[in-house]
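Trainee: I have a model open and want to work through its charged pairs and its core. Can we go step by step?

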Amino acid sequence: MAAGNITYVTEFILKGITDRPQLQAPCFVIFLVISLVTVLGNIGLIIIRIDTRLHTPLYYFLSHLAFVDLCYSSAITRKMTVNFVVEHDTIPFHACATHLGCFLTFMITECFLLASMAYDHYVAICSPLHYSLLMSKRVCIQLVTVPYIYSFLVALFHTIVTFRLTYCGPNVINRFYCDDLPLLALSCSDTQKEILIFAFAGFDMIRSSSIVLISYIFIISAILRIRSTQGRRKAISTCGSHMVAVTIFYGTLIFMYLQPKSNHSLDTDKMASIFYTVVISMLNPLIYSPRNKEVKEASKKAFNKGCEALKMLQLRK
């Protein structure tokens, strides 16, 4: 749509991961496999909740983390795989806004779910005698529901502000999905709204990471006071997987959003975005499952029930 000598953008072109034709097929296969592993792993973490032994706050949070990973990774990888098989992957203006809103909702939710899980570990290690009281079913529901609602509202605000900017120049997004950083780079508006967006993003990241950091300061302090070696190992095993997941997730986000603007490279940011949108969602089930006997046993139980159900269906036929 044109007004005077200015042509306003009505659609965007997603540049994708690579523009080299010889890499399109291998990348398609690699990310298709990653997508399948992500879907199966996260669905597995959700299904194992059928085991009554896993009706605890930890697995309640973990199942919601798996749901969030499944949702936003699926949305991202779908666009990514399309980009490998079409020459120009275009997305309408309003569809891009919807895509950004969904992605931000689930990403912010993951930040605060990780913070809720850190608080759960803090209570389990620092106040074990009051755990059932402090982590009641009502509290757990609140610690999950509030992040969903808050993240939706923040993502809605963020998306509205981003798409009320004027886009009147190039329309090629140097990403495989609609993200705010490359969209802001395309905008021909003033920078005041950009500052507002970065202020909100920084505030949410600092607030959620502070909860995690403070929780682990108390957790490490409590572990150091445990005299028995077995007690320390048990405490470390309780929060070890979560510490790995948090370090990977926040480390990537800090690299993406808190580095100086002069050091920003859209190609480098693209590689980092692959990591926190696709790879981390695949890694979370792998991080939480292998070292956890309860998850292994519940997975076997769910698999056996599935096999039995299939056999029953075959017999009926």
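Trainee: Which helix holds both Asp204 and Arg207?
Mentor: This is a predicted model. In it, Asp204 and Arg207 sit 3 residues apart, about one turn of the helix. Their side chains form a salt bridge, 3.6 Å from N to O. The helix is H7, residues 192-225.

Trainee: Is Arg207 buried, partly exposed or exposed?
Mentor: Its partner Asp204 is buried, at 6% relative accessible area. Buried requires under 20%, and exposed requires over 50%. Arg207 has 32% relative accessibility, so Arg207 is partly exposed.

Trainee: Which residue meets Arg175 in a salt bridge?
Mentor: The search of the whole structure gives 2 salt bridges. In one of them, Arg175 is buried, with 0% relative accessible area. The partner is buried too, at 0% relative accessibility. The N to O distance is 3.5 Å, and the partner is Asp179.

Trainee: Which helix gives the largest share of the largest nonpolar core?
Mentor: That core has 79 residues. Phe12, Phe31 and Phe249 have the most contacts inside it. The largest share is 18 residues, and it comes from helix H3, residues 93-126.

Trainee: What percentage of contacts with a separation of 6 or more joins residues 24 or more positions apart?
Mentor: Take Phe12 as an example. Leaving out residues up to four places away in sequence, Phe12 touches Phe93, Phe163 and Leu186, among others. For the protein, the share at 24 or more positions is 79%.

Methods
Residues are numbered from 1 along each chain as its sequence is written. This is a predicted model: local features need pLDDT of at least 70, side-chain atom pairs count only at pLDDT 80 or more; totals for chains, interfaces and linings use all residues. Side-chain values use heavy atoms; hydrogens and water are left out. Contact means heavy atoms within 4.5 Å. A nonpolar core is a set of buried Ala, Val, Leu, Ile, Met, Phe, Trp, Tyr and Cys residues joined through side-chain atoms within 4.5 Å. Buried means under 20% relative accessible area, exposed over 50%, partly exposed in between (1.4 Å probe, protein chains only). Helices (H or I, at least four residues) and strands (E, at least two) are DSSP runs, numbered from the N terminus. A salt bridge is a side-chain nitrogen of Lys or Arg within 4 Å of a carboxyl oxygen of Asp or Glu.
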